[in-house]
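Please open the model in your viewer and keep the sequence panel beside it, since the tour moves from one selection to the next.

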Amino acid sequence: MADPSRPPPYRPGAVSLFFVAKAGVFAAGFWVWLLLLVLGGDQADGAHVLAAAGAVTTTLVGVVLGARMALQRNAAVRHAELKRLLVDISWNAFAAAGNAETPGKVVPFPTVSADGGRLGRGTGHRVSVFDRSSTNERTPDRDGNGERRR
């Protein structure tokens with residue numbers, strides 16, 4: 001049963017179904033016309049060829065459009081399930097970060113330290129390229145002012 005708090009996933013609907021039904025009606029019409037021509041006539045002529053070509057063509061179009069609609073519907077359901085799964089994973093990771101008993105199992109969110117408002121970084125944490133100049137680390141491709149040497 002679907003959760004009422006979540007919006008329903010996108011599903012191909014009225015337009016796709018209209019074209020599938022339209023192709024089905026035309027195919028049925030051509031097949032009936034071909035059947036009437038075959039039962040009522042002795043010799044095959046141009047009308048028989050036209051009715052047979054129309055019946056086969058519209059039947060194939062209906063099958064292709066129906067298969068496309070079914071694939072789109074299936075893909076929409078899978079996409080909605082994947083989005084739901086990603087939200088559940090991120091929510092569980094967020095909840096686990098707050099409830100972690102030992103550090104290292106999950107990556108905690110950055111916190112503001114009490115000594116100056118900078119993000120707390122211990123040993124082994126990554127330092128962004130943009131933060132290197134503020135941590136007084138000199139890199140070989142930069143001069144003393146933090147500018148790139150050319």
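Select Glu 81 and Arg 84 to begin: in this predicted model, both residues lie in helix H2, where they are three residues apart, or about one turn of the helix. Show their side chains as sticks, and you will find that Glu 81 forms a salt bridge with Arg 84, with the closest N and O atoms 2.7 Å apart. The count of salt bridges comes to one. If you now add a surface, Glu 81 is partly exposed, with a relative accessible area of 45%, and Arg 84 is also partly exposed, at 27%.

Next, select Leu 82, Leu 85, Leu 86 and Ile 89, which together make a nonpolar surface patch of about 380 Å². Within this group, centre the view on Leu 85, which lies in helix H2, a helix that covers residues 46–99. Is Leu 85 buried, partly exposed or exposed? Its relative accessible area is 46%, so Leu 85 is partly exposed, and this value passes the cut-off of over 30% that is required of residues in a patch.

Finally, clear the selection and colour the whole protein by secondary structure, which should bring up two helices and zero strands. Of its 150 residues, 11% count as buried, while the accessible surface of the protein comes to about 12,500 Å², with 64% of that area belonging to carbon and sulfur atoms. If you then display contacts between residues at least 6 apart in sequence, 44% of them join residues at least 24 apart.

How values were computed. Residues numbered from 1 in each chain as written. Predicted model: local features only at pLDDT ≥ 70, side-chain atom pairs only at ≥ 80, totals over all residues. Heavy atoms only, no water. Patch = residues over 30% accessible without salt bridge, like charges linked within 9 Å, V, L, I, M, F, W, Y side chains within 5 Å. Areas by Shrake-Rupley, 256 points an atom, 1.4 Å probe, with all protein chains shown as cover. Salt bridge = Lys/Arg side-chain N within 4 Å of Asp/Glu carboxyl O. Helix = DSSP H or I, 4+ residues; strand = E, 2+ residues; numbered from the N terminus. Buried < 20%, exposed > 50% of the residue type's maximum accessible area, 1.4 Å probe, protein only. Contact = heavy atoms within 4.5 Å.
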